[in-house]
Amino acid sequence: MIIGVLGGGQLGRMLALAGHPLGHSFVVLTPGEGSPSSPVAETIVADYEDPDALRELARRVDVVTYEFENVPVATTDLLQELGVPVRPQPEALGVASDRLREKRLFRQLSIPTVPFAPVDSPEGLEEAVRFCGLPAVLKTRRLGYDGKGQRVLRKSADVEGAFTGLGGVPQILEGFCDFKREVSVIAVRGLDGTTACYPLVENRHEAGVLRFSRAPAPELDPETQAKAEAHVTKILDALDYVGVLTLELFDDGVELLANEIAPRVHNSGHWTIEGAETSQFENHLRAITGAPLGSCAARGESAMINLIGEHPSTEAIQAVPGTHLHLYGKSPRPGRKLGHVTVTAADSSTLDARLERL
Ligand code: AMP
């Protein structure tokens, strides 16, 4: 099939790399020249809302998917009017790009979360603080990613000025979760409603940015896996979702609390390229093209390290057994995700030794 992708970042690049062996080809719509996907996909360089570019995309492809959640509604509306299927369905974008709608969906589905309250004014923030308590995390409802658009309120003095400090846009206050660890569950739902879940991943963030993932999450017990699978399956079914979806959770040692969803392939799933029977990228493509899903079973133990800001020496990485280097073709810049390394091993002590060397 010919697959259209909105967004030309590394996720689009890895989708295309996974799709070529299956006989698919790709047309990417992206506003920037020289995007990470451009060496592996045909590219239309235009704004996401450019009607001519969208008409061209619709004419050239069989199905459209996306690799980021802030796709404008006008874009998906026009594509659907033009008769090209958009998968996952745009309803998922509406939920995932608004932290309040997301949390309300979790609550509606009886999936535990931290306490939360909408905040639309400085007075509203004070009321929300009375409800959630301190410490708490104030976040913009929209356009926040990688820790941007949020701040931790630890004491009463932090509350004053916080609403305007985040730009005075609609916000959400969340109780602060003193989690033991952060985990994510990556799941896929096919066109026929079949679902499959990868083993839980343990994630470490620094300054809101994912640094390190390990899969399966250490000391993962079957009850925790089953709980996460039940939560994410409810979300997939409620949205009548097709494709890969990621649910990020806080593990506080007692409960798994839902933090957010990403309606797409996810950085915490990059390990699946070498570490699972079927990668998240292939399973996303299988889902949106109506093919049967592949097994999500892990092949041994894996860890993924993001390469942020600068390239380490390729030779040094490749000297460690079990490493798989992925570079995204981006020029170095502080804070930029330039690539990742996945390390695989048959057992956790071998993986630990390899990570130590890395
Ligand atoms: P988010 O953009 O919601 O994924 O937040 C980025 C990171 O900030 C998360 O991965 C957590 O490490 C941290 N964080 C977000 N919300 C909370 C919360 N309510 N309590 C504690 N930490 C949080």
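Helices (H or I, at least four residues) and strands (E, at least two) are DSSP runs, numbered from the N terminus. This is a predicted model, where local features need pLDDT of at least 70, side-chain atom pairs count only at pLDDT 80 or more, and totals for chains, interfaces and linings use all residues. Residues are numbered from 1 along each chain as its sequence is written, and side-chain values use heavy atoms, with hydrogens and water left out.

**Exercise 1: backbone oddities**

Task: find where S110 sits and say what sign its phi has.

Solution. Start with the place: S110 is in the loop between α5 (99-108) and β5 (116-119). Next, check the angle: phi of S110 is near 60°, so to speak on the positive side, in a residue other than glycine. Compare that with the general rule: most residues other than glycine have a negative phi, and most peptide bonds are trans.

Task: which peptide bond leading to P135 or P216 is cis, and where do these prolines lie?

Solution. Take P135 to begin with. The bond from L134 to P135 is cis, with omega near -5°, and P135 belongs to the loop between α6 (122-132) and β6. Now go to P216. A215 and P216 are joined by a cis peptide bond with omega about -10°, and P216 is in the loop between β12 (209-215) and α9 (222-238).

**Exercise 2: two sheets**

Task: work out the strand order of the sheet that holds β1, and say whether the pairing is parallel or antiparallel.

Solution. Two strands pair if DSSP finds at least two bridges between them. With that in hand, read off the order: four strands make an open sheet, β3-β2-β1-β4, and the pairing is parallel. Then look at the edges, β3 (42-45) and β4 (63-66), each of which pairs on one side only. Neighbouring strands here are turned by 25° against each other on average, direction ignored (axes are lines fitted to C-alpha atoms, for helices over the stretch in contact, and angles run from 0 to 180 degrees between N-to-C directions). Finally, zoom in on one pair: β1 (residues 2-6) and β2 (residues 25-30) run parallel over five bridges, and G4 has V27 as its bridge partner in β2.

Task: do the same for the sheet that holds β5.

Solution. The order is β5-β8-β6-β7, an open sheet of four strands with antiparallel pairing. Its edge strands are β5 and β7 (150-153), each pairing on one side only. From one strand to the next the twist averages 20°. As for a single pair, β5 and β8 are antiparallel over four bridges, and V119 has Q171 as its bridge partner in β8.

**Exercise 3: the ligand**

Task: how many residues surround the ligand, and which are closest?

Solution. A residue counts as near if one of its heavy atoms lies within 4 Å of the molecule or strand. By that rule, 14 residues surround the ligand, and R99, K139, C177, E182 and E260 are the closest. At least two shell residues come from each of β6 (136-140), β8 (171-175) and β14 (256-262).

Task: which polar contacts do the side chains of R99, Q150 and N259 make with the ligand?

Solution. A polar contact is a pair of N or O atoms within 3.5 Å (within protein, one must be able to donate a hydrogen and the other to accept it, and residues adjacent in sequence count only if both atoms are side-chain atoms). An N or O atom in the R99 side chain is 2.9 Å from a ligand oxygen. For a polar side-chain atom of Q150, the distance to a ligand oxygen is 3.1 Å. For an N or O atom in the N259 side chain, the distance is 3.2 Å.
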